[in-house]
Amino acid sequence: MKVTVNITRRPEIADPQGTTVRRALVDLGHDAVREVRIDRTIHLEVEGHDSDTVHTQVSRMCEQLLSNPVLEDFEVVVHG
Amino acid sequence: MKVAVVVFPGTNCERDTVHVLRALGAEADLVWHRETDLSAFDGAVLPGGFAHGDYLRTGAIARFSPVMDEIVRMAAAGMPVVGICNGFQVLCEAGLLPGALIANRDLAFICKMVDVEVVDTGSVLTAAAMPGQRLRIPLNSYEGNYVLPDGSPRVVLRYVDDPNGSQDGAAAIANDRGNVVGIMPHPERASDALLGSSDGVVLMEGFIASMEVSHA
Amino acid sequence: MPDVSLAPEEDAFVPDPDANREAVYRLLGMSDDEYRSVCEILGREPRPAELAMYSVMWSEHCSYKSSRSHLKRFPTDAPWVVVGPGENAGVVDIGDGWLAALRIESHNHPSYVEPYQGAATGVGGILRDVFTMGARPVALWDQIRFGPLDQSKNRYLFGGVVAGIAGYGNAVGVPTVGGEVDFAECYSGNPLVNVMCLGVLQRDQLVLGTAGTDGAVAILLGRATGRDGIGGASVLASASFEEASEAKRPSVQVGDPFEEKKLIEACLELYEKGLVLGVQDLGAAGLSCATSEPAARAGMGMDVDLSSVHVRESGMSAPELLMSESQERMMAFVDPSEVDEVLAVARHWEIDASVVGTVKAGGMLRVFHDGSLVAELPAASLSEDAPLYHRPLGEPHWMEDIWAKTLTFVIRPGLAEALMKLLDDPSIASKAWVYNQYDHMLFLNTVIPPGNDGSLIRVGNTNKALAVSTDGNGRLCYLDPRRGGGRLVYEAALNVAMTGARPLALVDNLNFGNPEKPEVMWQFRESIEGISEACERLGIPVVGGNVSFYNETDGVDIYPTPVVGLLGLVDPMPESPPRLDRIEEGMSLWRFGPEWAINLAGSAFEKITFAHVGGRPSAPDPTMAKACIEMATRLVNELGIPALHDISDGGMAIAASEMAIGSGQGVRLEFTDWRHLFSEDPHRFLAAVPDELSETVGALAVEVGIPAARIGSFGGDEIAFEQGGIRAVVALDAATETYKNAIPHRMSH
């Protein structure tokens, strides 16, 4: 099954990269940009038929390795 | 003959570069990235560092800095333009050199002396060196792995023992005309035997001499 | 401050019968007595913002309340001390109008929570401490300690910390030129991450952390303030005890080296143009500290308007703004006529700046938020009235036992085998895996690079060079904190001397366990005593330091681990500074210092080959220490000896092997008692001496009054230890491979 994992920095944690990119965009004239946050997307293909089981498996992977729970949240989307 | 040493926010080798250029007899001044007139200069160095924090991609934001229009003009006019390390990345992002620099093969920052071999003396940086000459120069980079998909770069310096996975062992490449050069190791850091090597002097001297030639 | 309308004073802290206020101040880490003191100072109960300020400023971290009474023991005076302990960094005179600024800090707990960011923000913080003084930071050193690398958690922490130091230090553009790496089981749940920074400045650029005079304007520079740091502030915003507990979880600070680099350049320009009266960086207690401390130092008060602070998040409360630990921020105090120029400098360097306060005579710190007065307290009360504890201390009952626990060797162990085992131990092996990730060459002044005993940093455009050595040894201090503390100072001083430099000043980072345990306080006191005695004997002032307590896991304390950073000066710099790679074939190997060293207590040899930690380490000998230091400096400066190496971890066997590995020359060494090879007794070093200098060296040793002997020679492709017919041999290639790969192999798992 195809799975997408979106790893996002927790909202209260600073994102210096996003801040800098926002500045650059404003510099280029895109001054409507209020905030930029840069996150990561990971695509996986996982063997299995039951999307709940796969969801649980991938969530475990996020906790173990894919995300840094101190800084990041994750969202697992299983595509049928 | 005066060299513009361009300072982006986050550049950090600018003072070292100016120091060495001046020690070799060239005039050199720091130029802030918002500068829009470099008509007083005869050549430019984009020094190492982390322009704009290297955020998004190395060099990606720097290429839009106001000063880059002038760098493009100087390159087109045949004046010597050299990018060192991060400056190399900026020149690639700006399209003045082909290809791109990606993370080192071993995904770790590398700070050590490397040996490079002069393979092409037709560039402004290698003009004073001898073909086949070996130089010891410090390498300090994380994104130092040069790639040019579907092409073969004009390599002017090649690693003797490729430390970072660069295509064709490229340590420095030039444009066709030879006046724009990107080099990943730091020649300005090899300018004093007390610090381990003075092999970079021949490169910096070549650059300074080229400035006079291009002007003539 | 520009037009803060004086709002009517809101009622101070209306008691809410439903709120468990006691729980709130306790959650903020305050004791009942401390809370009572606050009420006494204010003559009333504190408002939430006031409680926030006292709780952070009176924390152990900021107030040194358990340690202050002991820190007074350190000798701090010398004619060349310009700024001693108490400011952001110590400053010493290095002659001809030049000053050097030095500071050390720990980031132990944040590095355990998030190793990359914890270490990175530690680097950022120490840099600010140094450029706050007006100095350009020129070099960094890191002293890092972890549990054994056979555990994956330790590998993760080690890798993350090194990456964080590299990530921040390389990007901010200050070379990381050395430090220490050590491994021991006691650091498994509690790694130690200390970082030290050296800065250089011209005398007239010195800036202090003072708020200046009545009417001076406070300008906050740098990163926008967000809800960064320990979640203490949100405790105050929480309605219930349960909610408050949840809110207290740590919120990790994220460093931005790019912002810091701009901040450094902007501040240095402000100093160069003489635009500031004083500067204070924002560290652990954020705005609470950056307003109250400079005001107190100036004998002033201040009006502060939190609504003017540039923020990253909206809706932040006054306690949150006051306690935020957002990184890369500085507070500048400037004359009102120069505000526009200061803001222009900030704009040029593309950093944010906001005018947040005005300095007032009278000593009261008044804080406004959204037009209301949220705090009004004597500025000095946050620092000067902080609690002071004389915690009970007592010698641990186990000391006699561990001293009695000595190893007896009936037969001589296999020497070659022991050597290889030591070379393969990550504590001893090459640290190139670490320092090759650091940019240690920037600024073109790193004359003696990492991989040698001390670092030597040229001071640009002068003939001077500054030498630095940092030393810690938890095992030694565990076995005898007083002897251990003293020996650290002597070792660091010798390391500095081996670059040719004269020891000048010391900073210390005191990493200890739980101070509420009498044994820990005893270790603490004893270590300070040992360090102080040694400093007195050598005439070295202590110009700054840091204390980190509560380094424990599940009630088990770390080894007492004081770390010292010693600064030395050599002027003029020797023409060919000694480096291990200058050793050539045919040179002789000389040993200097006591020859009777057979004590193996606390040695790496006993720990690594027999898993034994026990016995009592030898006491230092101040007279011998001084002779040793004099000998080393004269060997370098008068005779140009190409390489010297301290005998420390692993003893003479490792010292000689490292000289061989560092130069690619084999070494042959004659010994009389095999224990001499592995003893780590102090005040001893090796040197590579060209034969033509033998007589001169011997005569100099007699003059200085230090035992010296030619014990071997360099050349060939072996490391060989010989005694009569006994010969223990290791191939240099094999030793080099083992030494270089010990850490990379373990980290590639």
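Trainee: Which residues does D115(B) touch, not counting residues up to four places away in sequence?

Mentor: Good place to start, and remember as we go that this is a predicted model. D115(B) touches L135(B), R136(B), R158(B), Y159(B), V160(B) and D161(B). The residue itself sits in strand β6 of chain B, which covers residues 110-118.

Trainee: What joins the side chains of D115(B) and R136(B)?

Mentor: A polar contact of 3.2 Å joins them. So R136(B) is one of the residues that D115(B) touches, and here the link runs from side chain to side chain.

Trainee: Is D115(B) buried, exposed or partly exposed, and why?

Mentor: Relative accessibility is what to read here, with buried meaning under 20% and exposed over 50%. D115(B) has 31%, so it counts as partly exposed.

Trainee: How far is the C-alpha atom of D115(B) from that of A171(B)?

Mentor: Set the separation along the chain beside the separation in space. These two are 56 residues apart along chain B, yet 9.7 Å separates their C-alpha atoms. For the chain as a whole, take the contacts with a separation of 6 or more: residues 24 or more positions apart account for 72% of them.

Trainee: Why does the radius of gyration of chain B agree with a compact globule?

Mentor: You compare the value with the one expected for the chain length. A compact globule of 216 residues would have a radius of gyration near 17 Å, and chain B has 15 Å, which agrees. The C-alpha atoms fill a box of roughly 40 × 35 × 35 Å along the principal axes, and buried residues make up 61% of the chain. Its secondary structure comes to 4 helices and 11 strands.

Trainee: How many positive and negative side chains does chain B have?

Mentor: There are 15 positive and 26 negative side chains in chain B. Look also at where the two sets are centred: their centres lie 2 Å apart.

Trainee: Let's try chain C. Where does D214(C) lie?

Mentor: D214(C) is in a loop, between β6 (192-202) and β7 (217-222) of chain C. With 47% relative accessibility, this aspartate counts as partly exposed.

Trainee: Which backbone atom does the side chain of D214(C) reach?

Mentor: The side chain of D214(C) reaches the backbone nitrogen of A361(C), at 3.3 Å. Leaving out residues up to four places away in sequence, D214(C) touches M300(C), V359(C), K360(C) and A361(C). As for M302(C), 88 residues away along the chain, its C-alpha atom is 8.7 Å from that of D214(C).

Key: Residues numbered from 1 in each chain as written. Chains lettered and ligands numbered in written order. Predicted model: local features only at pLDDT ≥ 70, side-chain atom pairs only at ≥ 80, totals over all residues. Heavy atoms only, no water. Helix = DSSP H or I, 4+ residues; strand = E, 2+ residues; numbered from the N terminus. Rg over C-alpha atoms; globule rule 2.2 N^0.38 Å. Buried < 20%, exposed > 50% of the residue type's maximum accessible area, 1.4 Å probe, protein only. Contact = heavy atoms within 4.5 Å. Lys, Arg positive; Asp, Glu negative; His and termini not counted. Charge placed at Lys NZ, Arg CZ, Asp CG, Glu CD. Polar contact = N/O pair within 3.5 Å; in protein donor to acceptor, adjacent residues only side chain to side chain.
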